[in-house]
Amino acid sequence: MQTMAKGSKAAARNEYKYELRLYIAGNTAKSLMALSNLKKYCEEHLKGEYMIEVIDLLKNPQLAAGDQIFAIPTLVRKVPVPIRKIIGDLSNEEKVLVGLNIRPLKK
């Protein structure tokens, strides 16, 4: 399942500034919360510049090895490099934005 930034020039060219992959395990409350939070943050801070790929490990468990997924939900930022990972339901917006390098760490 993929969620694309809607109505953007990047979407037409399939070029995104941020390519995100969210690993979940079915429709658990934590998985649904992580996806909801991620979509909200992307629309607020990355509008038109992102793509989210959701991978359900209950349906495709073999895909966990590629990104070395050991806990779920896990968010992986594939682009831009370096790859970054955030584990959990993504409820701490500041932690997610800093972890994805969207917002610098406040001192």
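1. Contacts across the chain. In this predicted model, residues 24 or more positions apart account for 64% of those contacts in the protein chain that have a separation of 6 or more. The protein chain has 107 residues, of which 41% count as buried. Its secondary structure comes to three helices and five strands, and from the N terminus on these elements follow the order β-α-β-α-β-β-β-α.

2. Helix α2. This helix takes in residues 29–45, 17 residues in total, and the distance from its first C-alpha to its last is 24 Å, close to the 24 Å expected at 1.5 Å a residue. Its buried residues are S31, A34, L35, N37, L38, Y41 and C42. These residues lie on the same side of α2, because the arc they cover around the axis is only 165 degrees. The cover over the buried residues of α2 includes the strands β2 (18–24), β3 and β4, together with the helix α3.

3. A buried aspartate. D56 belongs to strand β3, which runs over residues 50–56. D56 is buried but has no salt bridge, and the nearest side chain of opposite charge, that of K59, is 4.4 Å away; that distance does not qualify because a salt bridge requires the side-chain nitrogen to be within 4 Å of a carboxyl oxygen. The side chain of D56 does, however, reach the backbone nitrogen of G26 at 2.9 Å. Leaving aside residues up to four places away in sequence, D56 touches I24, A25 and G26, so that G26 appears both in this set of contacts and as the residue whose backbone nitrogen is reached by the aspartate side chain.

4. The neighbouring leucine. L57 is placed in the loop between β3 and β4, and with a relative accessible area of 13% it is buried, because the limit for that class is under 20%. When residues up to four places away in sequence are not counted, L57 touches Y23, I24, L63, A64, I69 and I72. One of these contacts can be described further: L57 and I24 are 33 residues apart in sequence, while their C-alpha atoms are 6.1 Å apart in space. I24 is also touched by D56.

5. Two cis peptide bonds. Most peptide bonds are trans, and two bonds in this model should therefore be looked at individually against that background. A cis peptide bond joins I72 and P73, with omega at about -5 degrees, and P73 is found in the loop between β3 and β4, the latter strand being residues 74–79. The peptide bond from V79 to P80 is also cis, with omega near 0 degrees, and P80 has its place in the loop between β4 and β5, the latter strand being residues 84–87. I72, on the N-terminal side of the bond to P73, is among the residues that L57 touches.

6. Two residues with positive phi. Most residues other than glycine have a negative phi. L90 has a positive phi, near 60 degrees, and is not a glycine; it is found in the loop between β5 and α3, the helix of residues 93–99. N101 likewise is not a glycine and has a positive phi, of about 65 degrees, and it is found in the segment after α3. As for accessibility, L90 counts as buried at 4% relative accessibility, whereas N101 is partly exposed, with a relative accessible area of 44%.

Definitions and conventions: Residues are numbered from 1 along each chain as its sequence is written. This is a predicted model: local features need pLDDT of at least 70, side-chain atom pairs count only at pLDDT 80 or more; totals for chains, interfaces and linings use all residues. Side-chain values use heavy atoms; hydrogens and water are left out. Helices (H or I, at least four residues) and strands (E, at least two) are DSSP runs, numbered from the N terminus. Buried means under 20% relative accessible area, exposed over 50%, partly exposed in between (1.4 Å probe, protein chains only). Lys and Arg count as positive and Asp and Glu as negative; His and the chain ends are not counted. A polar contact is a pair of N or O atoms within 3.5 Å; within protein, one must be able to donate a hydrogen and the other to accept it, and residues adjacent in sequence count only if both atoms are side-chain atoms. Contact means heavy atoms within 4.5 Å. The expected span of a helix is 1.5 Å times one less than its number of residues. The arc is that of the directions from the helix axis to the C-beta atoms.
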